[in-house]
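Visitor: Please take a close look at one helix of this model, and then set it beside some other parts of the chain.

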Amino acid sequence: TPAEVQAKQLEPLKKDFEAKTARSLKIQYGDKSATIEPETLKKWLGATRDEASGQWAIKLDPKALDAHLQQWSKDFNIAPGITQISYYDDVEVSRKSGASGRALNPTAIYDQLNKWYAEPTDEPVVLASTAIAPRIVATRTYSQPSAQLQGKLNDWLASRRGGKYQIAIRELGGLGREASHNVSERTVMASTYKTFLAYVAYKQAENGALDLNMQLYNGKNVEQCIEVMIVQSENECAKKLGWHIGWDKADQMIAAAGFEGVFMNNYDANKNVSGDKLVNAKEQAKFLAQLSAGSLINQGNTDRLLSYMKRQVYREGIPAGSRGAVVADKVGFLDSFLHDVGIVYGPKSTYALVIMSDGSSWSNIRDLSRAIYDIMNE
């Protein structure tokens, strides 16, 4: 069997190899320079065979070059400086610019060395590099407590890609800080309507128009249905309760309590769904604030509703971002809509947080909740 590769086939490769490594390589970077001797240059090359044509060629081996590039980076790279910016109420008032840095560009250097190997010269190869922007350090001061909170919310929103948000933050006591985004635009309530429905049921009971012990659905009385529709977000109990009270009546009671634009009766004359239940973030935050203050329903019913919200089972949003604080919240998810509205009982601040989103995720809601928690409790 004849050898797959004949010695005579390698003669051109040998000559090419010797030609590529006959002289030293000079490199330059800024005011620094170095010389690479032929013995090292030989180690950067390898013989490769084109499978289609069967032809052999001498080529630069990126893996063999990698260790030298890492060392050159240590020797030649220039660290960026620091740009210091001062903000007052999120308006820039001063800036001290730092110098840009520079870093070697391995991909471009690989191309440069390939060209040099093709035609070795005594001219130095000026190593390719890319600029590195200076690191920014910002100092922020605020004339009003709410300005800092609004700035934090604006920064978070600016860093997001995708998703649409309606957000309201309202401190319950303390400094009374507030911040918001797009709070007046109505959106689909999803299951957050169940806290409003619970309020209506308790108010009806307090007025003598509803018996909380009345059997309502699947062996559960009204009180038990309120519990499961909040804790487990159970739908059928909520629907039965809404129909028993009357969706029109529920909307009227909510409007009479001072909440604007809350729409829960999304049924036509034949009791078929027609459209969506709607609300905005502003009214959600107002509801939570009044619930926390005990001004919506009596204290016993307030405590019950809040206890159900503290036990609701979907904890991936506001509770997950609130660093172990007690959270009384209600989630809603329907199609692309994902909401979490609740009261956070932090060590230094208690506040209502409403995050209503379209096309977002639990991780985004968690991250925003953590950012707000940190600034409210710093």
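Guide: What follows begins with the helix and moves on to other parts.

The model is predicted, and local features are considered at pLDDT of at least 70, side-chain atom pairs only at pLDDT 80 or more, whereas totals for chains, interfaces and linings use all residues. Residues are numbered from 1 along each chain as its sequence is written, and side-chain values use heavy atoms, with hydrogens and water left out.

The helix in question is α3, residues 62–76; helices here are DSSP runs of H or I with at least four residues, strands are runs of E with at least two, and both are numbered from the N terminus. Four residues of α3, namely L65, L69, W72 and F76, are buried, where buried means under 20% relative accessible area, exposed over 50%, and partly exposed in between (1.4 Å probe, protein chains only). Strands and a helix cover these residues through contacts (heavy atoms within 4.5 Å): among the covering elements are the strands β1 (25–29), β2 (32–36), β4 (56–60) and β7 (101–104), together with helix α4 (106–118). At its N-terminal end α3 is capped by D61, which places a side-chain oxygen 3.1 Å from the backbone nitrogen of K63.

A buried residue is also found in helix α11, which spans residues 299–311 and contains N301. N301 counts as buried because its relative accessibility is 3%. Setting aside residues up to four places away in sequence, N301 touches Y202, E206 and L212. With E206, the side chain of N301 makes a side-chain polar contact of 2.9 Å; such a contact is a pair of N or O atoms within 3.5 Å, one able to donate a hydrogen and the other to accept it within protein, and residues adjacent in sequence count only if both atoms are side-chain atoms.

The opposite situation appears in helix α1 (residues 7–20), which holds K15. K15 is classed as exposed because its relative accessible area is 59%. From K15 to N272 the C-alpha distance is 86 Å, across a sequence separation of 257 residues.

The last part is a hairpin of strands β11 and β12, with 6 residues between them. β11 covers residues 164–171 and β12 residues 178–181; the two run antiparallel and are joined by 4 bridges, strands being paired if DSSP finds at least two bridges between them. One of the partnerships links I169 to A179 of β12. Within the turn, G173 has a positive phi of about 100 degrees.
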